[in-house]
Amino acid sequence: MTDTPALHDLWPAPFAEAAVHATVTVPGSKSVTNRALVLAALAAEPGWVRRPLRSRDSQLMSDALRALGVGIEETVSSSSADGDSGEAWRIIPAALHGPATVDVGNAGTVMRFLPPVATLADGDIRFDGDPRSYERPLGQVITALRALGARIDDDGRGALPMTVQGGGALEGGTVEIDASNSSQFVSALLLSAPRFNQGVEVRHVGGRLPSMPHIRMTVDMLRAAGAQVDTPEAGGEKDVWRVAPGALLGRDMVVEPDLSNAQPFMAAALITGGTVTIPDWPLRTTQPGDALREIFTAMGGSCELTEAGLVFTGTGKIHGIDVDLSEVGELTPGIAAVAALADSESVLRGVAHLRLHETDRLAALTAEINGLGGDVTETEDGLRIRPRKLHGGVFHTYDDHRMATAGAVIGLAVPGVEIENVATTAKTLPDFPKMWTDMLAGPTGAGA
Ligand SMILES: O=C(O)C1=C[C@@H](OP(=O)(O)O)[C@@H](O)[C@H](O)C1
Ligand SMILES: C=C(OP(=O)(O)O)C(=O)O
């Protein structure tokens, strides 16, 4: 189940000789694609996922669903209800069954969203993944599923590997979990809940819940698929979500561009004093990346939503920022990279749970920015970044796609940065190196 990362491959991060001016079309959102696949697989009728992300995480999700019996036909369509064209996956739900093995890689969405799906299958579903997946927390999902009626065989550590002994159905009901380590625990239980006999009531008990926009994304997408969901925002109790049992509809879902993966390109405009346009930026979205409009504006840029998409412009001036990133934790590596190049100190708060992401991101960012001469210290719940003149060197990425893109951002402003294993960006953005060089080639380059 392990990938053999090309640990010693070094990619010379391109240095920006001039301000960047480019239009960058960003592939679909990982979070939307993987939710859409799960919801379509659990529906009572076939549906479509249009403009899906094609990356390691979405491949792992579709491979796993196929292993459980779901049909996924990858097509290039020329029409749909809204006149959209491009890649589209036809999802054909089926009775879920084992025996099967699910490789979760290091995808939080796969390792958290699929165990509840597996409880609905008939037979044993074994979950395994990259070495890091053994360290990422899953115990709250395992305990919650057992409380809802599931049989799971694990080694008692609250982590992978494990086997869900699917009984073909799950009773469901009310369950308490502590989701302060990952919002994905809540999303996982909600996404499959329309198929539980009693639906679910999830009560979060514990510290602050991170990544709330991702829970809103789960709720919005469930509702779009016909589920009835009660939420705290809709006048319900704080930290309590309810999903009623009922059939999910086969929908035609169009995946938005991944706004968190727009981040390095926007950062390029910010730090070089250039302009980057991101087509199809949604006017309304639950993606956390939408917060970049505000955060990167506070750090010195400006932006405008136009017919052409989001036009983001930098002045070349980069300001530090004191910001709570709890809601948008996955943006932290890219913000830290920009902060390391700023004209004043930054404090990034509310992201202690990043220690449990693809790698311990707080330790990794501290080590790697400091390795280039920076001055970053870890705080209890984030990072303090005091900009200093940086020098070239190897930027290690710890198999973390967002470490690789963060290193590339620094490399635009610091000559001689080499990114170790840039191929790790395949988790969510397989074409990153080419997209990056196309962007630097400017409006006449392929990125235009
Ligand atoms: O539900 C999702 O799609 C995600 C939720 C967040 O997880 P955490 O709440 O664990 O940070 C986010 O960081 C991750 O990239 C994607
Ligand atoms: C935390 C992330 O991923 P995952 O879905 O594996 O949790 C991320 O993409 O930043």
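## Two ligand shells and the domains around them

By class, the residues that form the shell around ligand 1 are one nonpolar, eleven polar and one charged. This description rests on a predicted model, and what follows works outward from the two ligands to the domains, the cores and a few single residues.

### Ligand 1

Ligand 1 has 13 residues around it, and the closest are Ser31, Ser182, Ser183, Ser211 and His214. Two helices, H3 (108-118) and H5 (184-192), each provide at least two residues of this shell. Both domains take part as well, since domain 1 (10-27 + 256-441) and domain 2 (30-254) each contribute at least three residues to the shell around ligand 1.

### Ligand 2

The residues around ligand 2 are Ala107, Gly108, Thr109, Glu330, His357, Glu358, Arg402 and Thr428. Sorted by class, this shell has one nonpolar, four polar and three charged residues. Ligand 2 lies between domain 1 (10-27 + 256-441) and domain 2 (30-254), because both of them give residues to its shell.

Gly108 and Thr109, which belong to the shell around ligand 2, are also among the buried residues of helix H3, a list that further includes Val110, Met111, Arg112 and Phe113. Eleven of the eleven residues of H3 are buried, so this helix is largely enclosed by the rest of the structure.

### Domains and their contact

The domain assignment of the chain gives domain 1 (10-27 + 256-441) and domain 2 (30-254). Taken over C-alpha atoms, the centres of domain 1 and domain 2 are separated by 29 Å. Their contact takes 20 residues from domain 1 and 21 residues from domain 2. On the side of domain 1 that touches domain 2, the residues divide into seven nonpolar, seven polar and six charged.

### Nonpolar cores

In soluble globular proteins, nonpolar side chains tend to be buried together. In this model the largest nonpolar core has 74 residues, and those with the most contacts inside it are Leu39, Val49, Leu190 and Leu222. Helix H1 (residues 30-41) gives the most to this core, with seven residues. Leucine 222 touches Leu39, Leu190, Leu191, Ala227, Val229 and Val243, when residues up to four places away in sequence are not counted. Another core, of 73 residues, lies apart from the largest one, and among its members are Ile295, Val328, Leu365 and Ala423.

### Residues annotated in UniProt

An unreviewed UniProt entry lists Lys30, Ser31, Arg35, Ser182, Ser183, Gln184, Ser211, Glu330 and His357 for "binding site". The feature "active site", also from an unreviewed entry in UniProt, is placed at Glu330. The surroundings of some of these residues can be described from the model, together with those of valine 276.

Lysine 30 lies in helix H1, and serine 31 is found in helix H1 too. Glutamate 330, by contrast, is found in the loop between strand E18 (322-324) and helix H9 (332-339), while valine 276 lies in strand E15 (residues 275-278). The table gives the number of other C-beta atoms within 10 Å for each; a residue counts as buried when 20 or more such atoms lie within that distance.

| Residue | Other C-beta atoms within 10 Å | State |
|---|---|---|
| Lysine 30 | 27 C-beta atoms | buried |
| Serine 31 | 31 C-beta atoms | buried |
| Glutamate 330 | 27 C-beta atoms | buried |
| Valine 276 | 28 C-beta atoms | buried |

The contacts named next leave out residues up to four places away in sequence. Lysine 30 touches Leu53, Ser55, Asp57, Ser58, Thr109, Asp258 and Thr428, of which Thr109 and Thr428 also belong to the shell around ligand 2. Serine 31, one of the closest residues to ligand 1, touches Thr109, His214 and Met217. Glutamate 330, a member of the shell around ligand 2, touches Ser260, Pro288 and Arg402, and Arg402 is likewise part of that shell.

Valine 276 touches Val20, Ala22, Val24, Phe265, Met266, Ala268, Ala269 and Phe312, again without residues up to four places away in sequence. The C-alpha atoms of valine 276 and glutamine 263, which are 13 residues apart along the chain, are separated by 11 Å.

Note on methods. Residues numbered from 1 in each chain as written. Chains lettered and ligands numbered in written order. Predicted model: local features only at pLDDT ≥ 70, side-chain atom pairs only at ≥ 80, totals over all residues. Near = placed C-beta within 6 Å. Helix = DSSP H or I, 4+ residues; strand = E, 2+ residues; numbered from the N terminus. Nonpolar A, V, L, I, M, F, W, Y, C, P; charged D, E, K, R; others polar. Domains from an automatic or database assignment. Core = buried A, V, L, I, M, F, W, Y, C linked by C-beta atoms within 7 Å. Buried ≥ 20, exposed ≤ 12 C-beta atoms within 10 Å, placed from the backbone. Contact = placed C-beta atoms within 7 Å. UniProt positions renumbered as here; feature names shortened; annotations may be inferred.
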